[in-house]
Each structure stands twice: as C-alpha cells, then as structure tokens.
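Me: Please zoom in on the salt bridges in this protein and walk me through them slowly, since I'm only in my first year. After that, tell me how the parts around them fit into the rest of the chain.

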Amino acid sequence: MEKIVELVERLINFCGLTGDAVPVVRHILLVLIAIILAAGAGFLCKKIIVPLILKATRRTKATWDGVIFNESVLNSACHIVPAIVVWMLLPWVFYQFPTVRMILGRITAIYITVMTVITIIAFIDSFKLFEGEKRTATQQYLYTFCGLLKIVMIFIAVIIVISIVINKNPMVLLAGLGATSAIMMLVFQDIITGLVAGVRLTSNDMLQKGDWITVPKSGIDGIVEEMTLTTVKVRNFDNTIMTISPKTLVDDSFQNWKGMQESAGRKVVKRIYYDFRSVVVADEKMRATIVDNGYFVDKDIEPKAVNVTLLRRYVEQWLSKDEAVNPDMTILVKQAEATQNGLAVEFVFFLKNKGGVPYEHDISRIMEYIIAITPDFGLRIYQQQGN
C-alpha cells in the first residue's frame with residue numbers, strides 16, 4: 001500500500017496540482033483504488049475461487065465436502081473478503097482524517113461481524129442436507145445442537161456489534177452479563193426448556209423426523225416434518241400444518257406410530273354385536289346351508305355346534321388365507337363381554353397395508369364380507385329399533 005500511496009503522490013505531482021486541491025484529489029484517488037481493490041478481491045473470490053472449490057468438491061467421491069462447502073456458504077463468505085480489504089486499507093486511505101477513519105472502521109467492522117455470523121449460520125444450516133426423510137437420533141442431537149449454536153453465535157455477534165459501537169472490550173460486556181443472568185433466563189426460558197425437552201425426546205428415542213404421531217389434545221395426526229429447539233412441526237393428513245412445543249409432548253402423552261410402521265402389520269380390532277335370540281345350535285337346515293355355501297364340509301361340523309362358534313372358526317380360517325392379512329401375526333375371532341346391545345364378537349388381525357387408503361379399504365372389505373355372510377349362519381346383527 002505504501003507503493004500505491006507513493007504512486008498517487010507522483011501522479012499528483014506529474015499533473016502539477018498544488019494548494020488545497022492536493023489532499024482532496026489524493027483521498028479521492030485512494031478511495032477509488034481501495035474500492036477497485038475490494039471489488040477485485042470480491043470478483044476473484046466469487047468468479048474464480050468459488051467455482052474452483054465447487055468443481056473440486058464435485059470430483060471427490062465423498063459427499064460431506066459438497067454439502068459443507070456448498071454454493072450458499074461460499075457465496076456468503078465472498079461478501080466478507082471485500083470488507084476485509086477495505087478495513088485493511090482504511091489507515092492508508094484516511095491517514096489525514098482520523099475521525100472519518102474511525103467511523104468507517106467501525107462500520108466496516110460491524111459489517112464484517114454480521115456477514116461472518118451469516119456465513120457461519122449458512123455453514124451450520126448446510127448440515128441439514130445430510131438428512132433424509134427420516135432423521136436418526138444422532139442427527140436430531142446434531143440438529144438441536146446446531147440450533148443452539150446459531151443462537152449463541154447471534155448472541156455473541158450482538159455483543160461484538162454493541163462493543164464496536166460504544167468502543168468497549170467485548171469481554172467487559174460479557175462479564176457484566178452476570179448481573180443480568182436472571183433476566184436472560186427469562187428471555188431464553190422457552191429456548192432452554194425446549195432444548196431440555198428436545199434432548200429428552202431424542203435421548204429416549206421418543207420422536208424423530210418422519211414419524212407419524214397423534215396428539216389427541218391438540219388435534220394433531222400426521223407426519224413430523226421439523227424439530228427445532230422450541231417447536232415440533234407436524235403436517236396433518238389433511239395437509240394442514242400444526243406446531244407444538246417439545247415440552248408439551250414430553251409433559252403430556254402422544255402416540256407414535258413408528259413401531260407399527262416398522263412392524264409386519266397394523267393391528268385391527270373390530271366388534272359386531274349379534275342378537276342373543278339368533279344364537280342357536282345349528283340344525284340340519286342350517287348345516288346344509290353352511291355346507292352348500294362352502295364354508296365347511298359336513299364332517300367338520302360337530303354335533304350340537306353353535307352357529308356363533310361356526311362363524312368364528314370360519315372367519316379365522318378365511319382371514320388366514322386373505323392376501324391383505326398377515327398370517328404370521330395374531331388372527332383371533334373371540335367372544336367379548338356381552339352388553340345390552342347383544343353378544344359381542346371381536347375380530348383381531350393384522351393388515352399388511354399399514355396406513356392410508358389401502359388400509360381403510362382392506363378393513364371395509366373384510367368387515368363387509370363378514371356382515372354379508374352372517375345370515376348364512378342363522379345370525380342376526382343387533383340393530384336398535386326406532387320408536
């Protein structure tokens with residue numbers, strides 16, 4: 001920079017300028033040179049260095065370098081370089097104007113601080129690119145830690161900016177915060193409790209991104225899309241977005257369908273109530289109807305067999321052969337506790353389709369078939385008669 005100053009002085013002398021115009025022209029030229037150098041440094045970073053880094057990361061087999069050194073992080077870092085060049089040149093450009101140099105130096109320092117924090121936040125956010133549709137417990141720990149780290153970085157940046165404005169050492173301001181710790185605890189109360197609750201959710205493997213949860217009290221029934229320090233974002237199956245705090249999930253109860261989704265089937269429990277007066281021992285006519293419809297062969301029907309018993313046996317056999325039902329899991333048709341509505345028969349089985357439209361259609365088809373064959377066994381489904 002000394003050589004540049006000497007070159008400017010020679011240029012002024014060569015042009016024959018004298019008097020009060022010399023300092024003005026000198027500083028104008030130095031400012032223009034500083035701007036050109038800063039712009040050149042920014043152009044060099046953005047148009048040459050960044051493309052080279054991106055090209056190098058694409059050629060490597062590893063994926064972490066392409067995620068961490070992504071275009072957003074590198075472009076954000078490029079905004080810092082021109083400011084650093086300006087900050088380094090200010091003592092040479094405004095060496096005759098200390099007040100102007102001080103003001104511009106503080107403004108430049110604030111800009112560098114802000115852009116550095118923005119770059120760090122972009123770098124922290126780049127870790128989200130490692131995620132898939134499901135987020136593991138380790139990834140959730142990292143995500144929670146990154147959220148806390150961003151808050152800490154913003155807090156430190158605010159302290160540094162304030163220290164630059166008032167020209168005080170940042171450590172002095174940080175030391176003075178001890179007296180206001182109670183106020184800070186109140187300000188960050190939700191963040192602290194959310195962090196603790198988030199750690200409890202992940203450490204106990206209670207909740208992860210991509211899980212299907214149901215929170216009856218809040219009317220939530222959908223897929224977890226996002227987990228932060230203070231909120232859990234859920235997309236309901238009607239495509240509405242609902243948010244709930246991690247503390248609420250920890251303090252209250254919620255249902256996580258992860259175990260069902262990872263299992264070989266989803267449990268179905270249905271009941272049909274039969275009129276007590278239709279429960280009888282199968283006579284010859286009923287036995288003939290059952291045999292003619294292919295439910296059983298005659299030798300498989302015991303003497304004095306009850307029609308409900310035959311229905312239960314047949315439905316169990318039929319369910320075990322149905323392609324929608326998992327035969328390796330429990331299939332049970334049993335008598336439940338009777339009520340004033342009649343004799344309760346409970347159907348327990350597991351469907352291979354564990355959610356959505358296929359699951360509902362399979363349940364409907366199976367129960368409709370059971371209802372349709374009920375008259376063949378001489379049974380009547382209880383139906384309350386109107387007045």
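Reply: Start with R235 and E225, whose side chains meet in a salt bridge, with N and O 2.6 Å apart. R235 sits in strand β3 (residues 232-236) and E225 in strand β2 (residues 220-227), so this pair ties together parts that are 10 residues apart in sequence. A salt bridge here is a side-chain nitrogen of Lys or Arg within 4 Å of a carboxyl oxygen of Asp or Glu. The idea behind it is simple: side chains of opposite charge can pair when their charged atoms come close.

Some ground rules before we go on. This is a predicted model, where local features need pLDDT of at least 70 and side-chain atom pairs count only at pLDDT 80 or more, while totals for chains, interfaces and linings use all residues. Residues are numbered from 1 along each chain as its sequence is written, and side-chain values use heavy atoms, leaving out hydrogens and water. As for strands and helices, they are DSSP runs numbered from the N terminus (helices are H or I with at least four residues, strands are E with at least two).

Back to our pair. Are these side chains tucked away or out in the open? Neither quite fits: R235 is partly exposed at 32% relative accessibility, and E225 is partly exposed too, at 28%. The cut-offs are under 20% relative accessible area for buried, over 50% for exposed, and partly exposed in between (1.4 Å probe, protein chains only).

The structure holds eight salt bridges, and E346 turns up in a couple worth following. The side chains of E346 and R271 meet in one, at 2.8 Å from N to O. That pair links distant parts of the chain, with E346 in strand β8 and R271 in strand β6, 75 residues apart. E346 is buried, at 11% relative accessible area, whereas R271 is partly exposed at 41%.

E346 also forms a salt bridge with K334, where the closest N and O atoms are 3.0 Å apart. Here the link runs between strand β7 (residues 332-335), which holds K334, and strand β8, which holds E346, and the two residues are 12 apart. K334 is partly exposed, with a relative accessible area of 31%. Put these together and you get one network of R271, K334 and E346, joined by salt bridges that share partners.

Now for what surrounds that network. A nonpolar core is a set of buried Ala, Val, Leu, Ile, Met, Phe, Trp, Tyr and Cys residues joined through side-chain atoms within 4.5 Å. The largest one has 34 residues, and F347 and F349 are among those with the most contacts inside it. β6 (266-274), α13 (284-292), α14 (307-321), β8 (343-351) and α15 (356-373) each supply at least two of its residues. The largest share, seven residues, comes from α14.

V315 is another of the residues with the most contacts inside that core. Leaving out residues up to four places away in sequence, V315 touches V333, F347, I370 and I373; contact means heavy atoms within 4.5 Å. Apart from this core lies another, of 14 residues, including A197, M227, V232 and F254.

Finally, hop over to a pair of helices elsewhere in the chain. α4 (residues 71-78) and α6 (residues 98-125) pack at an angle of about 170°, with their axes 9 Å apart. That makes α4 roughly antiparallel to α6. S72, V73, S76 and A77 of α4 meet M115, I118, T119, A122 and F123 of α6. Axes are lines fitted to C-alpha atoms, for helices over the stretch in contact, and angles run from 0 to 180 degrees between N-to-C directions; under 35 counts as roughly parallel, over 145 as roughly antiparallel, 65 to 115 as roughly perpendicular, and the rest as oblique.

Also in helix α4 is N75, which is buried at 18% relative accessible area. N75 touches K46 and V50, again not counting residues up to four places away in sequence. Over in α6 you'll find I107, which counts as exposed at 51%.

For the big picture, the chain has 15 helices and eight strands, and buried residues make up 35% of its 387 residues. Among contacts between residues at least 6 apart in sequence, 62% join residues at least 24 apart.
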